[in-house]
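Open the model in your viewer and get ready to select a few residues. We will go one stop at a time.

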Amino acid sequence: MSKRVLLGKKGSTYGLFISKPGVDVTSANTDQLVFDSTAAGYGQAIFKETITLSRGTSQTRTFSSQNIPNPTIIILGEQFVEVSNVTATQATFLVPNFYSAMTAAYSTTAIFTRGSTKQTPASTTITYLVIRGHT
């Protein structure tokens with residue numbers, strides 16, 4: 001059984017460290033840690049921005065000049081914005097032309113499908129957060 005939790009000194013740094021299953025925390029490198037209290041911005045929102053999107057037009061936004069490990073994008077208040085092409089520094093946002101609709105038969109791949117019942121607003125203002133994290 002490996003040691004996975006360390007509260008104290010690791011190398012020359014003090015903090016709380018938790019390693020992935022099967023990895024000894026005392027010898028784990030950064031990619032083998034699931035939590036490192038000394039990592040800048042870990043587990044915190046590291047970027048917040050409010051943008052206005054036009055219907056049917058995608059917009060790629062850069063949220064960092066440095067690579068962010070496993071960024072998570074959270075859209076606040078608007079559930080019909082699509083997020084794609086997420087990299088370590090940017091993401092693409094899109095308000096589709098029509099609101100999504102629930103499917104009649106729930107499949108294992110999607111609950112929502114694009115519908116043609118109601119058009120989305122000509123422009124939508126959203127606020128999104130970027131959170132740094134490990135998988």
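**Stop 1: a three-stranded sheet.** Select strands β4, β11 and β6, shown here in a predicted model. They make an open sheet of 3 strands in the order β4-β11-β6, and the pairing is antiparallel. Which strands stand at the edges? They are β4 (45-54) and β6 (72-76); each has a single partner strand, so one side of each is left without a neighbour in the sheet. From one strand to the next, the twist averages 25°. In general, the strands of a sheet pair through backbone hydrogen bonds.

Now zoom in on β6 and β11 (residues 123-131), which run antiparallel and are joined by 5 bridges. Pick Ile 75 and look across to β11: the bridge partner there is Tyr 128. Keep Tyr 128 selected for the next stop.

**Stop 2: a cluster of rings.** Add Phe 47 and Phe 93 to your selection. Ring pairs link these two and Tyr 128 into a cluster, and the count of aromatic pairs comes to 2.

Begin with Phe 47 and Tyr 128. Their ring centres are 6.1 Å apart and their planes are at 45°, so this pair is tilted. Phe 47 sits in strand β4 and Tyr 128 in strand β11, 81 residues apart, so the pair links distant parts of the chain. Is each ring's residue buried or partly exposed? Phe 47 is partly exposed, with a relative accessible area of 22%, while Tyr 128 is buried at 0%.

Turn next to Phe 93 and Tyr 128. Here the centres lie 4.5 Å apart with the planes at 40°, so this pair is tilted too. It links Phe 93 in strand β8 with Tyr 128 in strand β11, 35 residues apart. Both Phe 93 and Tyr 128 are buried.

**Stop 3: a loop residue.** Select Thr 89, in the loop between β7 (82-84) and β8 (90-94). Thr 89 has 19% relative accessibility, and because buried means under 20%, it counts as buried. What does Thr 89 touch? Leaving aside residues up to four places away in sequence, its contacts are Arg 61, Thr 62, Phe 63, Ser 64, Gln 66 and Asn 67.

**Stop 4: a hairpin and its next strand.** Finish with β1 (residues 5-10) and β2 (residues 13-19), antiparallel strands joined by 6 bridges. Lys 9 has Tyr 14 in β2 as its bridge partner. The hairpin has 2 residues between the strands, and Gly 11 takes a positive phi near 70°. Then follow β2 to strand β3 (residues 33-36), where 3 bridges make an antiparallel pairing. Ser 19 stands opposite Leu 33 in β3.

Conventions:
Residues numbered from 1 in each chain as written. Predicted model: local features only at pLDDT ≥ 70, side-chain atom pairs only at ≥ 80, totals over all residues. Heavy atoms only, no water. Helix = DSSP H or I, 4+ residues; strand = E, 2+ residues; numbered from the N terminus. Buried < 20%, exposed > 50% of the residue type's maximum accessible area, 1.4 Å probe, protein only. Contact = heavy atoms within 4.5 Å. Pairing = 2+ DSSP bridges. Axes fitted to C-alpha atoms, helices over the stretch in contact; angles between N-to-C directions. Phe/Tyr/Trp six-rings, centres within 6.5 Å; stacked < 30°, edge-to-face > 60°.
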